[in-house]
Amino acid sequence: MDETVKQGFTFVTHLECSMVGDSYEANQQHNLSKAGKPLLVKYDLTSLSNSLSREELAYRPENLWRYSEFLPVKYAENIVSLGESMTPLIHTPRLQSGNGNVYIKDEGRLPTGSFKARGLCVAVSMAKELGVTQIAMPTNGNAGAALAAYATRAGIETYIFCPEDTPQVNVREIAAQGGRVWLVNGLINDCGRIVEEGKENMDWFDFSTLKEPYRIEGKKTMGLELADQLGWQLPDVIFYPTGGGTGLIGMWKAFNEMKEIGWINGKLPRMVAVQATGCAPIVRAYEAGTEQAELWEGAHTVAAGIRVPVAIGDFLILRAVRKSNGFATAVADEQILAARDEVAQQEGILMCPEGAATYAAYKKELSSGRVDSAESVILFNCATGLKYELPPISRLLDCTQQPIDYSALLD
Ligand SMILES: *Cc1c(COP(=O)(O)O)cnc(C)c1O
């Protein structure tokens, strides 16, 4: 157990409806607000900043729990951890076209191979603290895998529903880690409906994206960590592959909390929501100037993690994007796969398709002029590229043929 977590204490004051602003008591199980919108966790930031300094952080272990004052877990014994190490920020000069530095934040190093571990680590710890015994979740794969791992460790049962074309490795890892998993002949919103309609009878706690308040808090650590790693100087632009938007909303929350206590100053990064052209509800809403996004019919993309036709936090994503002076943009599957190859071959980093979408979007927006080559940029690689199918290699070298024609290897 991490000694940085104070026994029986948090700076959480209450929860608040992200739409209406009415407040809810902490220390209780909550899903959505009365208005049917996500709840956000509020902290006593003044007391927090009186008891913790940026300098003090430097002496702590390099993991997610170094930011425990910004997290909602009250009792250290409730922390369910699989070793959430800080993820590297890798400089990728070959992806740059000007002086602006480009970095990849490689979240594929986290437990279960994706940044879903950040959110589920904190959310499952809170579920344990609040006495939840059964959890149900719709997932495109990575969230289910992280949930299964952390919930199993916490002794909590899980019921997990995936669209039937979810990458097989995700479905199998969910099962392998003790989750009860089903394939569903529909999309993630259809899986969500199964959870919604079954939860009362089955006595499930609904862990759908943003329908429980603590996953955002875990994802928030991406924003804290970025500032920490960059010496409290944030980059100009962040490209984030956006499905349900937890990470984008969470980082934006972190930036604002840090700004409020003076840990960071000046302009916040421009937040760019990246989607695939086959499923781009946020981009469509951004362009239409609306506050909410309509359901995207017939969603399809190789980037399974961002195949989310409707997001309950749509207005929070759009607010962060607009307030930060960012934008939303979509790239085609061919561009995503070409970007994955390019990054792997130029920089030796195998991105997941969702991560590769951020590089494709960066290139697109450099040429559109919405991003300048002098701007410093962070691309989020949210999962290890090893979880996804790669082009097959069938070249066979016949070792019984003598002599071996080495010159043929040059082709
Ligand atoms: C879940 C997921 C995303 C989208 O993250 P959100 O914060 O829910 O928008 C992107 N990429 C990968 C690999 C994912 O698993």
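Which residues is methionine 251 in contact with, leaving aside its neighbours within four places in sequence? In this predicted model, the contacts of methionine 251 outside that window are Lys220, Met222, Gly223, Leu226, Ile238, Tyr240, Met271 and Phe380. Methionine 251 and Phe380 are also among the residues with the most contacts inside the largest nonpolar core, a list that further comprises Leu120, Leu147, Phe207, Phe255 and Met258. This core has 97 residues. A second core, separate from it, has 26 residues and includes Leu95, Tyr359, Ala361 and Val377. In soluble globular proteins, nonpolar side chains tend to be buried together.

Charged side chains were examined next. The search of the whole structure returned 25 salt bridges. One of the pairs joins arginine 60 to glutamate 69, with an N to O distance of 2.9 Å; both of these residues are buried. Another salt bridge is formed by the side chains of glutamate 173 and lysine 387, at 2.6 Å from N to O. Glutamate 173 belongs to helix 5 (residues 168-176), whereas lysine 387 is in the segment after strand 13 (377-381), so this pair ties together parts that are 214 residues apart in sequence. Glutamate 173 and lysine 387 are both buried.

A salt bridge within a single helix is found between aspartate 190 and arginine 193, both of helix 6 (residues 188-202). The closest N and O atoms of this pair are 3.3 Å apart. Because aspartate 190 and arginine 193 are three residues apart in the helix, about one helical turn separates them. Aspartate 190 has a relative accessibility of 22% and therefore counts as partly exposed, the cut-off for a buried residue being under 20%. Arginine 193, at 44% relative accessibility, also counts as partly exposed. Salt bridges further link Lys105, Glu107, Arg118 and Glu225 in a network.

The pockets were then considered by volume and lining. The largest pocket holds about 640 Å³ of space and is lined by 41 residues, of which Ile188, Thr209, Gly244, Val308 and Val310 are the closest to its centre. At least two lining residues come from each of helix 4 (142-154), helix 6, helix 7 (215-229), strand 10 (237-241) and helix 8 (246-260). Helix 6, which also carries the aspartate 190 and arginine 193 pair, gives the most to this lining, with five residues. By class, the lining of the largest pocket consists of 18 nonpolar, 16 polar and seven charged residues.

The second largest pocket has about 550 Å³ of space. Its lining is made up of 21 residues, and those nearest the centre of the pocket are Leu40, Lys42, Trp252, Lys253 and Asn256. Two or more lining residues are given by each of strand 1 (12-17), strand 3 (39-43), helix 8 and helix 10 (314-323). The most is given by helix 8, with six residues. The lining of the second largest pocket divides into eleven nonpolar, three polar and seven charged residues. Helix 8 thus appears in the description of both pockets: at least two of its residues line the largest pocket, and six line the second largest.

Technical notes:
Residues numbered from 1 in each chain as written. Predicted model: local features only at pLDDT ≥ 70, side-chain atom pairs only at ≥ 80, totals over all residues. Heavy atoms only, no water. Salt bridge = Lys/Arg side-chain N within 4 Å of Asp/Glu carboxyl O. Buried < 20%, exposed > 50% of the residue type's maximum accessible area, 1.4 Å probe, protein only. Helix = DSSP H or I, 4+ residues; strand = E, 2+ residues; numbered from the N terminus. Core = buried A, V, L, I, M, F, W, Y, C linked by side-chain atoms within 4.5 Å. Contact = heavy atoms within 4.5 Å. 1 Å grid on protein atoms, 1.4 Å probe; cavity = no way out; pocket = protein on both sides within 12 Å on 5 of 7 lines; lining within 4 Å. Points joined across faces, edges and corners; volume = space filled by probe spheres on them. Nonpolar A, V, L, I, M, F, W, Y, C, P; charged D, E, K, R; others polar.
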